[in-house]
Amino acid sequence: MPFMLVKFNLQKRVKLAQGLWMLYWLSVIMGILLFGLGIFFKVELRKRSEVMDNNESHLVPNLLVLVGLLACGLNAFGGKVCHDSLDPSKFIKWKSMLKAYLLLSCGFNALLLAVSLLCFIMQFSVYLILAEGLRNGIRFYKDTDTPGRCFMKRTLDMTQIEFRCCGNNNFRDWFEVQWISNRYLDMSNDVVKDRLLSNVEGKYLMDSVPFSCCNPASPRPCIQHHLTNNSAHYDYDHRSEQLNIWTQGCREALFSYYSGIMSSIGIFILLIIILESVDMAGLKYLITSLETMTDPEVQDCESEGFLLEKGVKETFADLLTKIKTLGRSNQVEGGDTPEANT
Amino acid sequence: MVLLKMKFTQQRRVRLAQGLWLMSWFAVMCGAFVFCLGIYLKTELLRRDEVMENTEIHVVPNILMMVGLASIGTNWVATRVCQDSLDASRFPRWKVLLMAWFAAAVLLCCLLLAVVVLSYALQGRLEESLKVGLRNGIRFYKDTDVPGRCFQKETIDHLQMEFRCCGNNNFKDWFEVQWVSNRYLDFTSKDVKDRIRSNVDGRYLLDGVPFSCCNPASPRPCLQYHLTDNSAHYNYDYQSEELNLYNRGCRQALTDYYMDLMNSTGPGVLSVILIQMSVLFSLRYLQTAVEGAMALENPEGESEGYLLEKGVKETFKDVKAKVLDVLKFAQVDPAAAEPSPGNEEKTADTTTEKAATPTPAS
């Protein structure tokens, strides 16, 4: 009992072929979009690789680029097959390859599903990398004279301005780090000497933040220094002051940005999987409707199209027996040879 | 003497019609491009509306948008004409419209040229507008509690950070203005009282700038206050410090940005003008060739296409004469009205004369 049988006359076959051709070209465009998205994601990761400690994993964007190209190729081939399908002379040369093509499409769909899952799972690794990278970034903020780290200050300042965030978890991360280089500290000054002596490691720690933490929406000119000292500023209460500096931590801000990108790409891939499945179903109908034509030369005849030759359970059972016989054929030879030896 | 005559066989006419149809659709897309360009320019100008005093520069994107829409319509008409051109029954109805079409196409090209010229000519006005707008912005920076000005601070801060500039001409503009609101000044402090008394207007002026002037590329954490006092900061020389704040003034930065934008659209607009002119000339050739062919005994034979029936000078004289005729037609009526009462008098005289003369006869 064929699965999902549909009767086709010439007009329906022609419409199916034309509709399927357009659908395949739509899938090619989706493949190009996926390729573009992969490139975009790669560029975004590169742009901020400094705050990710330069060891971010480019697995997902590379896979996206590869899968996008594969999708273009496969769907272009499908479109070509549809274009030739109504001309029996041209269709003959594709006929033998079609079963392999359908299997390849199935495999490709599975690959797309795996990539989509990766997009969601790799967000955890991005989170951890960001935490580590930002912590190091804040530590190396002052090292504008150390080769390899001279642009960390600029990168971190631009990141804090762009993403409207301050510090790793929040602005207090800046209180625990010396972010002013010793080159700009007057070591003969008493205040400086007191601060350096006040902690074990001899670091110049202050309750201040860099200017890039300032919030432009504050009605008051930005207060950067002596943040926890209410008496240092007129009419200032550090517990109730909300608008002065950014309250969000950069890890959260950057993570929500990247997870947004990755989730959207994952959902887009799921849509592509649905489109590909529709393509495959349409192609199967087209192939079977052309095969079941009583007389291939006479175009204007009725034929049947189906998705599976037998029902779902029977096809599944057939598949299992095929796999078993494949496995058993290896064993049979092994059983034979010992007998032959004895 | 016919201007730029060309011979057209039937095949050439067909090819011309097909080629012109494609080119007209391309010109429609160019018109859409010009429209989108106008919209983009207008949104960019509107985004910085708060630091501009007048909207004179908006004439450039307005004209671009109008011309874009008009060009889409005109070139769509051209595609319809091309489609009908090879059908002798449908072509004559376009005859009257084509004259108006040519005038419209020439007008569009002139307007596009005017846009290119204006975008250079209005640079001075843009700078003036920005100068006044930025001066006001800096003056009202502290008024975050005054309705209508509460977002001035945020606007100026975002502007300085985005365009990497400070102040109107340079950062010293901030020294001349009180940019810290009185709400945040401790009037019991000696320092504050000294500063307020140190100038005539009683303003709290300092040699400091807002945080948005800070340059992230500086190797040193940003110095915002006591900028002219070398001893206030360790290892600091006010005259030689270059990277601490942004050196550019915001007026210069914004003017450069908008001039770059308009200059980069210049080549695009010029190529749209070229395309429109070529559509114009090709349509004129098609019109004259098809009309010539329709007048022949054998419509499929050879015909001539030309740009102008007579030479340039003669066509100009003809057009002038026509225009004067139309103008005179408006004048002729009152001139004709005057002689008629004169004529009535004359006829009255002649009737009286005639009445006078028969009496001796009788």
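The residues lining the second largest pocket divide into 16 nonpolar, 3 polar and 8 charged, and this pocket is one of the openings and enclosed spaces described below for a predicted model. A search of the whole structure also finds 3 cavities of 30 Å³ or more, of which the largest has a volume of about 80 Å³. The largest pocket, by contrast, has a volume of about 1700 Å³. The briefing takes the pockets, then the cavities, and ends with one residue of chain A.

**Second largest pocket**

- About 1100 Å³ of space lies in the second largest pocket, whose lining is made up of 27 residues.
- Among these 27 residues, A:Lys99, A:Lys284, A:Leu307, A:Leu308 and A:Thr315 are the ones that lie nearest the centre of the pocket.
- In chain A, H4, helix H7 (250-291) and helix H8 (312-341) each supply at least two residues of this lining, and the largest share, 8 residues, comes from H8(A).

**Largest pocket**

- The largest pocket, with its volume of about 1700 Å³, is lined by 48 residues, and those nearest its centre come from chain A, as A:His225 and A:His226, and from chain B, as B:Tyr225, B:His226 and B:His233.
- Helix H6 (190-197) of chain A and helix H6 (190-197) of chain B each contribute at least two residues to the lining of the largest pocket.
- Sorted by class, the lining of the largest pocket holds 28 nonpolar, 12 polar and 8 charged residues.

**Largest cavity**

- The largest cavity, at about 80 Å³, has a lining that includes A:Phe41, A:Leu45, A:Met52, A:Glu56, A:Ser57 and A:Val60, together with A:Met122, A:Ser125, A:Val126, A:Ile129 and A:Met262.
- Two helices of chain A, H1 (10-47) and H4 (98-139), each provide at least two residues of the lining of the largest cavity, and H4(A) accounts for the largest share, with 4 residues.
- By class, the lining of the largest cavity comprises 8 nonpolar, 2 polar and 1 charged residues.

**Second largest cavity**

- The second largest cavity encloses about 50 Å³ of space, and its lining is formed by B:Leu41, B:Val60, B:Leu64, B:Val115, B:Val116, B:Ser119, B:Met262, B:Thr265, B:Gly266 and B:Val269.
- The elements giving two or more residues to the lining of the second largest cavity are helix H2 (59-85), helix H3 (95-121) and helix H7 (250-295) of chain B, and H7(B) gives the most, with 4 residues.
- The lining of the second largest cavity divides into 7 nonpolar and 3 polar residues, with no charged residue.

**A:Asn215 and its surroundings**

- A:Asn215 lies in the loop between H6 and H7 of chain A, and because its relative accessibility is 7%, A:Asn215 counts as buried, the cut-off for that class being under 20%.
- The side chain of A:Asn215 reaches the backbone nitrogen of A:Ala217 at 3.0 Å.
- When neighbours within four places in sequence are left aside, A:Asn215 is in contact with A:Leu243, A:Asn244, A:Ile245 and A:Trp246 of chain A, and also with B:Lys153 and B:Phe211 of chain B.

Notes
Residues are numbered from 1 along each chain as its sequence is written. Chains are lettered from A and ligands numbered from 1 in the order in which they are written. This is a predicted model: local features need pLDDT of at least 70, side-chain atom pairs count only at pLDDT 80 or more; totals for chains, interfaces and linings use all residues. Side-chain values use heavy atoms; hydrogens and water are left out. On a 1 Å grid over the protein atoms alone, a cavity is a set of points where a 1.4 Å probe fits but cannot get out, and a pocket is an open set with protein on both sides within 12 Å along at least five of seven lines; lining residues have an atom within 4 Å of a point. Grid points are joined across faces, edges and corners, and a volume is the space filled by probe spheres set on the points. Ala, Val, Leu, Ile, Met, Phe, Trp, Tyr, Cys and Pro count as nonpolar, Asp, Glu, Lys and Arg as charged, and the others, Gly among them, as polar. Buried means under 20% relative accessible area, exposed over 50%, partly exposed in between (1.4 Å probe, protein chains only). A polar contact is a pair of N or O atoms within 3.5 Å; within protein, one must be able to donate a hydrogen and the other to accept it, and residues adjacent in sequence count only if both atoms are side-chain atoms. Contact means heavy atoms within 4.5 Å.
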